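Reader: Hi! I am new to reading protein structures, and I would like a close look at one helix and how it sits among its surroundings. Could you walk me through it slowly?

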Amino acid sequence: MAALTGSAGAAGLLPSLSVPGVTELKPLSRYEAMRLGPGWSHSCHAMLYAPNPGMLFGRIPLRYAVLMQMRFDGLLGFPGGFVDRRYWSLEDGLNRVLGLGLGCVRLTEADYLCSHLTEGPHRVVAHFYARQLTLEELHTIEICAVHSRDHGLEVMGMVRVPLYTQKDRMGGLPNFLGNSFIGTAKFQLLFALKVLNMVPEEKLAEAVAATQKQKKPAAETAAVTANVTTAAVTAAVTANQMVAKPANELANQPLAVAKAEPAAKSATEPTAKSATEPAPEPMAEPAAEAMTE
């Protein structure tokens with residue numbers, strides 16, 4: 001696979017991605033990247049692909065088989081990693097990492113595709129390589145990857161990228177782009193698919209737009225659910241306050257004392273009255289008078 005025309009020269013010759021909804025990264029040439037100072041880090045990753053004449057369900061053309069990998073952190077990315085420029089050239093460092101993850105492929109400077117400055121606080125230049133293989137060679141690499149040192153550790157497995165879009169306009173590439181990617185991997189995928197003419201630019205734009213439309217209803221549904229939950233909690237709290245309020249009022253009102261006062265008064269009145277009335281005269285006095293007469 002030949003590198004892009006002029007990709008090793010001035011950065012101005014490198015085409016831009018220009019896909020709505022995807023943040024554009026600043027391009028620079030390999031020569032410019034090599035002239036950066038020691039404060040910059042260099043990452044090298046590679047896309048391996050092969051023409052695929054297969055048809056999904058006998059009617060959807062697959063066009064190409066493109067390899068990516070599921071990483072240990074659950075993110076999708078390309079094979080590769082950081083290269084220490086003090087000890088390795090870009091290609092030597094890349095092949096060292098590929099040997100750990102794939103086991104049976106070596107790239108050269110002829111496979112170099114592009115370089116971009118990454119976003120964020122870290123000063124990183126992302127170098128990207130691409131090599132076209134036969135479908136048989138690609139399948140051999142997939143088998144070797146299962147037996148590589150990093151399989152099941154830093155690499156969970158290889159993944160083929162679906163480059164088609166189904167009739168529902170979500171199945172295939174749009175759904176795949178809805179996954180989470182590491183660093184510049186999503187940008188590099190879209191950039192390579194465009195500049196290598198593997199997917200028409202309008203199809204890439206449609207796939208990215210479909211992914212964004214899918215995220216918007218999901219966000220709206222989450223907001224509605226949150227509002228409904230908040231309203232339900234508020235209603236429950238209000239109902240509890242309405243039930244608790246009469247009980248508190250009854251506890252504070254002297255209704256039971258007011259009803260008990262008459263009973264207490266009637267119980268105490270006879271006692272007080274009998275205590276104040278004069279005692280009756282003794283009945284034995286007449287009998288004593290009769291005995292003395």
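Author: Happy to! Let's begin with a term: accessible areas come from the Shrake-Rupley method with a 1.4 Å probe. For this chain the accessible surface comes to about 17600 Å², and 59% of that belongs to carbon and sulfur atoms. Please keep in mind that this is a predicted model. The chain has 293 residues, of which 34% count as buried, and its elements are 8 helices and 8 strands.

Now to the part for our close look, helix 2, which covers residues 90-101. You can check its length yourself. At 1.5 Å a residue, its 12 residues should span 16 Å, and the end C-alpha atoms are 17 Å apart, which agrees. Just after helix 2 comes Gly103, with a positive phi near 90°.

Which residues of helix 2 are buried? They are Leu90, Glu91, Gly93, Leu94, Asn95, Val97, Leu98 and Gly101. As you look at that list, a general point may help: an α-helix has 3.6 residues a turn, so residues three or four places apart point the same way. And what covers these buried residues? The cover includes helix 1 (30-34) and helix 3 (135-146), along with strand 2 (41-56), strand 5 (80-83) and strand 7 (124-132).

One of those buried residues, Glu91, also takes part in a network: salt bridges that share partners join Glu91 with Arg30 and Glu109. In general, side chains of opposite charge can pair when their charged atoms come close. In this chain the count comes to 9 salt bridges.

Another of them begins in the loop that follows our helix. Asp111 forms a salt bridge with Arg131, with 2.8 Å between the closest N and O atoms. Asp111 lies in the loop between helix 2 and strand 6, while Arg131 is in strand 7, so the pair ties together parts that are 20 residues apart in sequence. Asp111 has a relative accessible area of 3%, so it counts as buried.

Compare that with two other pairs. Arg71 and Asp73 meet through their side chains in a salt bridge of 2.7 Å, N to O, and Asp73 is partly exposed because its relative accessibility is 34%. Arg149 and Asp150 meet at 3.5 Å, N to O. Here Arg149 is exposed, with a relative accessible area of 56%, whereas Asp150 counts as buried at 8%.

Let's step back to the wider setting of the helix. The largest nonpolar core has 35 residues, and Met47, Val66, Met68, Leu189 and Leu196 have the most contacts inside it. Strand 2 and strand 7 each supply at least two residues of this core, as do, among others, strand 3 (60-71) and helix 6 (201-252). Helix 5 gives the most, with 8 residues. A second, separate core of 19 residues includes Ala46, Leu48, Ala65 and Leu67. Strand 2 and strand 7 should sound familiar, as both are among the elements that cover the buried residues of helix 2.

Finally, contacts in the chain often link distant stretches of sequence: among those between residues at least 6 apart, 67% join residues at least 24 apart. As for disulfides, the count comes to 0. Two cysteines you can look up are Cys114, which is buried at 1% relative accessibility, and Cys144, which is partly exposed at 24%.

Terms used:
Residues numbered from 1 in each chain as written. Predicted model: local features only at pLDDT ≥ 70, side-chain atom pairs only at ≥ 80, totals over all residues. Heavy atoms only, no water. Helix = DSSP H or I, 4+ residues; strand = E, 2+ residues; numbered from the N terminus. Expected span 1.5 Å × (residues − 1). Buried < 20%, exposed > 50% of the residue type's maximum accessible area, 1.4 Å probe, protein only. Contact = heavy atoms within 4.5 Å. Core = buried A, V, L, I, M, F, W, Y, C linked by side-chain atoms within 4.5 Å. Salt bridge = Lys/Arg side-chain N within 4 Å of Asp/Glu carboxyl O. Disulfide = S-S within 2.5 Å.
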